[in-house]
Amino acid sequence: MEARLNLFADQLAMKSLKHLTSAGRVNAESTVPESTQELVRLRASQINGCGFCTDMHTKDALAAGETQQRLNLVAAWREATVFTDAERAALELAEEGTRIADAATGVSDEVWANAAKHFDEEQLASLVTTIALINAFNRLNVLVRQPAGDYTPGQFG
């Protein structure tokens, strides 16, 4: 498979990607655990069918110490016993934030309240921006059919 457009060779695309990447780096300053952020990125990428980001965030999570078992269960997190209540709240927020077109009201008050039980306002801001940014990256990659499988952890760091 070959991408429809080489985002990495196009100057305009690279400028945009640079800004999106910089915005994402701000979340590294958050007190939301990196493992939770990676789980959120992975779940949104699975929902959006973004192979490139699914590959990237699976590998980055493994490199950061996440277990293969937990990564295997992200798509079925509701039935899995390996996630904390806070991680479950973050995954639920990621799902509703990714599937906003599926619900007239977007993220429900119940999902928001559950997330707010586990995360303070700054952490919620970090989760919201993480979800928005991964959805932007997913859409870019899905639009151009960016091939998956060749990512190396830290490749863009």
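**Pocket**

I looked up the largest pocket in this predicted model and noted a space of about 790 Å³. I then asked which residues of its lining are closest to the centre. Of 30 lining residues, those are Thr 21, Met 56, His 57, Phe 137 and Phe 156. Four helices each give two or more residues to the lining: H1 (11–25), H2 (34–48), H3 (51–63) and H7 (121–144). I sorted the lining by class and got 16 nonpolar, eight polar and six charged residues.

**Thr 21 and Gly 24**

I followed Thr 21 from the pocket centre back to its element, helix H1. Its relative accessible area is 25%, so I entered Thr 21 as partly exposed; the buried class ends at 20%. I also checked Thr 21 against Ile 134: the two are 113 residues apart along the chain, and their C-alpha atoms are separated by 10.0 Å.

Gly 24 is in helix H1 too. I read 24% relative accessible area for Gly 24, which makes this residue partly exposed. For Gly 24 and Ile 134 I noted 110 residues of sequence separation and a C-alpha to C-alpha distance of 8.6 Å.

**Nonpolar cores**

Next I asked which residues make up the largest nonpolar core. I listed eleven: Val 32, Val 40, Ala 90, Leu 93, Ala 94, Val 111, Ala 115, Phe 119, Leu 124, Leu 127 and Ile 131. The elements that contribute two or more residues to this core are helix H5 (85–98), helix H6 (109–118) and H7. In soluble globular proteins, nonpolar side chains tend to be buried together.

I picked Leu 93 out of the core and looked up its contacts, leaving aside residues up to four places away in sequence. Leu 93 touches Val 107, Val 111, Trp 112, Ala 115, Leu 127 and Ile 131.

I also found another core, lying apart from the largest one. This other core has nine residues, including Leu 42, Ala 61, Leu 71 and Trp 77.

**Arg 88 and Ala 116**

I went on to Arg 88, which sits in helix H5. Is Arg 88 buried or partly exposed? Its relative accessibility is 21%, so I put Arg 88 down as partly exposed; buried would need a value under 20%. Not counting residues up to four places away in sequence, Arg 88 touches Trp 77, Arg 78, Ala 80 and Phe 83. Trp 77 is one of the residues I had listed in the nine-residue core. I also took the separation of Arg 88 from Val 40, a member of the largest core: 48 residues in sequence and 9.7 Å in space, C-alpha to C-alpha.

In helix H6 I looked at Ala 116. Ala 116 has 38% relative accessibility and therefore counts as partly exposed. Between Ala 116 and Ala 86 I noted 30 residues in sequence and 9.5 Å in space, C-alpha to C-alpha.

**Aromatic pair**

I searched for aromatic pairs and the count came to one. Why is the pair of Phe 52 and Tyr 151 edge-to-face? The ring planes stand at 75°, with the centres 6.5 Å apart, so I filed the pair under edge-to-face; that class takes planes over 60 degrees apart. The partners are 99 residues apart, Phe 52 in helix H3 and Tyr 151 in the segment after H7, so the pair links distant parts of the chain.

I then checked how accessible the two partners are. Phe 52 counts as buried because its relative accessibility is 9%. Tyr 151 is buried as well, with a relative accessible area of 5%.

**Arg 145**

My last entry concerns Arg 145, in the segment after H7. Arg 145 is not a glycine, yet I read a positive phi of about 55° for this residue. Most residues other than glycine have a negative phi. I asked whether Arg 145 is buried or partly exposed. At 46% relative accessibility, I recorded Arg 145 as partly exposed; the exposed class starts over 50%.

Technical notes: Residues numbered from 1 in each chain as written. Predicted model: local features only at pLDDT ≥ 70, side-chain atom pairs only at ≥ 80, totals over all residues. Heavy atoms only, no water. 1 Å grid on protein atoms, 1.4 Å probe; cavity = no way out; pocket = protein on both sides within 12 Å on 5 of 7 lines; lining within 4 Å. Points joined across faces, edges and corners; volume = space filled by probe spheres on them. Nonpolar A, V, L, I, M, F, W, Y, C, P; charged D, E, K, R; others polar. Core = buried A, V, L, I, M, F, W, Y, C linked by side-chain atoms within 4.5 Å. Buried < 20%, exposed > 50% of the residue type's maximum accessible area, 1.4 Å probe, protein only. Contact = heavy atoms within 4.5 Å. Phe/Tyr/Trp six-rings, centres within 6.5 Å; stacked < 30°, edge-to-face > 60°.
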